[in-house]
2 protein chains.
Amino acid sequence: MSAAAFSGAKALITGGLGFIGSNLARRLVGAGAKVTLIDSLIPEYGGNPFNVQDIRDRVSVSITDVRDPHAMAHLVQGQDYLFNLAGQTSHLDSMSNPMTDLEINAAAQLSILEACRQHSPKVKLVFASTRQLYGRPRYLPVDEKHPASPVDVNGINKLAGEQYHLLYNDVYGLRACCLRLTNTYGPAMRVKDARQTFLGVWLRNAIQDKPILVYGDGSQLRDFNYVDDAVDALLIAAADARADGKVFNLGSTEVVSLKALAELLLAVHGKGRFEVVSFPAERKAIDIGDYYSDFGKIRGELGWTPKVGLREGLERTLRYYAEHGARYWDPA
Amino acid sequence: MSAAAFSGAKALITGGLGFIGSNLARRLVGAGAKVTLIDSLIPEYGGNPFNVQDIRDRVSVSITDVRDPHAMAHLVQGQDYLFNLAGQTSHLDSMSNPMTDLEINAAAQLSILEACRQHSPKVKLVFASTRQLYGRPRYLPVDEKHPASPVDVNGINKLAGEQYHLLYNDVYGLRACCLRLTNTYGPAMRVKDARQTFLGVWLRNAIQDKPILVYGDGSQLRDFNYVDDAVDALLIAAADARADGKVFNLGSTEVVSLKALAELLLAVHGKGRFEVVSFPAERKAIDIGDYYSDFGKIRGELGWTPKVGLREGLERTLRYYAEHGARYWDPA
């Protein structure tokens, strides 16, 4: 990815105090972009001001809920890039509070696109979508042609959010593309619970000398991206016009079972234990079984590949939380 | 379809004063059901009290907007069947007012399902979906496995509405199924404009001795269902547990070009003329090209086939509007 595309450019990040948003902000600041972060700081979501403490003087921060159409209409103006990362990510919360998930993951997306169409038609949007919309894979690895059969409200609404972006690209020429992220992990991830990813809780438990709980029989396969690789993909997709109007899977060639992942995490950590326990009923109902993606499309068309291996990524992440963990499970 | 399933049963129809809803209500009343109709009577939509004038004493009518969650929570209670027909149907309006389309076609559906889950878990839901969610066909005829690639906001939101129904069936055991209707026509259709179907305006123009406007080059292929056949499908899907959790296309073996349809309509009418004119830009942007469906799944699994041919259906419809037209283009 060429940093030149972002030098002096104005970039807006929704969910900018969150896990991926804050890592992206740091990279954009380094590339010379003028960065504005939007975050609602809803306690159940990923925003944490500590995530940008080191770059706080070099970014603008607006504590704004993306459901506020008037605020958004103002904030999108004059931007060159809009990284659309704000979302409700918890699958369980999407079932217990489906309307909130709809408001944030579908309705707010539509109103952001309307704001851009009316007030910022030259902005380039990159929408952070999710592999969750595929539902239970009918074949593996899952490519972008796999049918979308979401198994929870979150997957349905994220699919709608994605489709609005593609539609506005096609009908209005508002440049937009979508990345379907798989499990992303790394420094700044939410670790106080499993609302963002189960791996956050695993990491916290490892550091706090608590057992890691592996649901099911531990054989479920997953792929993981270290956050720096996900940020690479967001920047590449933003800078490359060939991405416009398209959807791309992220993914990894390292596919591991949850049991193998737990073993690797504890090996890297040097201690700890895990327990294989049966699924809680509410998780079983929306579990997707094995998943790993075919990311050949973004590799072939945009040249993205993940660079950080799972072991190295886990090492870096453990090191981060060993040092800063208290700012996450007990925010100052 | 066995009328026995509905004798003495309680049936709720959203959009009950509309085109398909009113025809369905008449049939259910005839089968001995206790029928409640919900309609918002929003002027741009399909509701028209005249549609149920002949059965007005035999149905309950509630002028309710499906976006009102409290009203819906009350109305769904004690129902055996919920025919979920209320919708924003205009593709153009979905583009000019996308949030309203989202509220009615997606958000209200989710809140109706939540109301049923909490207050009426034994109800059977049939959701009227649309072929619009397929977008521009990648192959013909279009079966249910065809990817959903909506080309307008309406298609995106109807897809979400459909997926909520299937999800609540799968996760909560709330019995629900979806029918993807194609162009439906017949007595009680909206004819004052093209918000429900272009064929309504064609019929009105034919009766009012105005030219019929055929957009494009007139070669676009379409399939049509007479409303009695669509009602058959709704009743069959409601009564048959094998439909639960599934999606079915409706359709017809009579596939015609728009030009051939105009010629047939005028031949049946015995007079009039049509003009082939280029697409208005806002329609061209969301046009889907040729479409006709493969309805082998509902034929094979539930035994539904359309029975009313296009010529006969057009005759019946023309006759209806020749007599009652003034109640539609100039409501009393």
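Chain A of this predicted model averages a pLDDT of 94, with 98% of the residues scoring at least 70, and for the complex the predictor gives an ipTM of 0.91 together with a pTM of 0.93.

A natural place to begin is the interior. The largest nonpolar core comprises 202 residues, and those with the most contacts inside it are L234(A) and L234(B). Setting aside residues up to four places away in sequence, L234(B) touches L24(B), F83(B), V126(B) and L179(B). As a general background, nonpolar side chains in soluble globular proteins tend to be buried together.

From the core we turn to the contact between the chains, which takes 22 residues from chain B and 22 residues from chain A. On the side of chain B that touches chain A, the elements giving two or more residues are α4 and α5 of chain B, the latter covering residues 153-172. The residues of this side of chain B divide into 17 nonpolar, 3 polar and 2 charged.

Helix α4 of chain B runs over residues 98-119, and at 1.5 Å a residue its 22 residues should span 32 Å; its end C-alpha atoms lie 30 Å apart, which agrees with that expectation. The helix α4(B) nevertheless bends by about 35 degrees at A107(B). Because 16 of its 22 residues are buried, α4(B) is largely enclosed by the rest of the structure.

In helix α5 of chain B one finds L159(B), which is buried, since 28 other C-beta atoms lie within 10 Å and 20 or more are enough for that description. Leaving aside neighbours within four places in sequence, L159(B) is in contact with L133(B), A148(B) and P150(B). The C-alpha atoms of L159(B) and C116(B), which are 43 residues apart along the chain, are separated by 20 Å.

Some backbone details in the loops also deserve attention. In chain A the peptide bond from L140(A) to P141(A) is cis, with omega near -10 degrees, and P141(A) lies in the loop between β5 and α5 of chain A. In chain B the peptide bond from L140(B) to P141(B) is likewise cis, with omega near -10 degrees, and P141(B) is placed in the loop between β5 and α5 of chain B.

Further along, D209(A), although not a glycine, has a positive phi of about 60 degrees, and its place is the loop between α6 and β8 of chain A. With 10 C-beta neighbours inside 10 Å, D209(A) counts as exposed. For D209(B), also not a glycine, the positive phi is about 55 degrees; D209(B) sits in the loop between α6 and β8 of chain B and is exposed, with 10 other C-beta atoms within 10 Å.

How values were computed:
Residues are numbered from 1 along each chain as its sequence is written. Chains are lettered from A and ligands numbered from 1 in the order in which they are written. This is a predicted model: local features need pLDDT of at least 70, side-chain atom pairs count only at pLDDT 80 or more; totals for chains, interfaces and linings use all residues. A nonpolar core is a set of buried Ala, Val, Leu, Ile, Met, Phe, Trp, Tyr and Cys residues joined through C-beta atoms within 7 Å. A residue is buried if 20 or more other C-beta atoms lie within 10 Å of its own, exposed if 12 or fewer, and partly exposed in between; C-beta atoms are placed from the backbone. Two residues are in contact if their C-beta atoms, placed from the backbone, lie within 7 Å. pLDDT is the predictor's confidence in each residue, from 0 to 100. Helices (H or I, at least four residues) and strands (E, at least two) are DSSP runs, numbered from the N terminus. The expected span of a helix is 1.5 Å times one less than its number of residues. The bend at a residue is the angle between axes fitted to the seven residues ending there and the seven starting there. Ala, Val, Leu, Ile, Met, Phe, Trp, Tyr, Cys and Pro count as nonpolar, Asp, Glu, Lys and Arg as charged, and the others, Gly among them, as polar.
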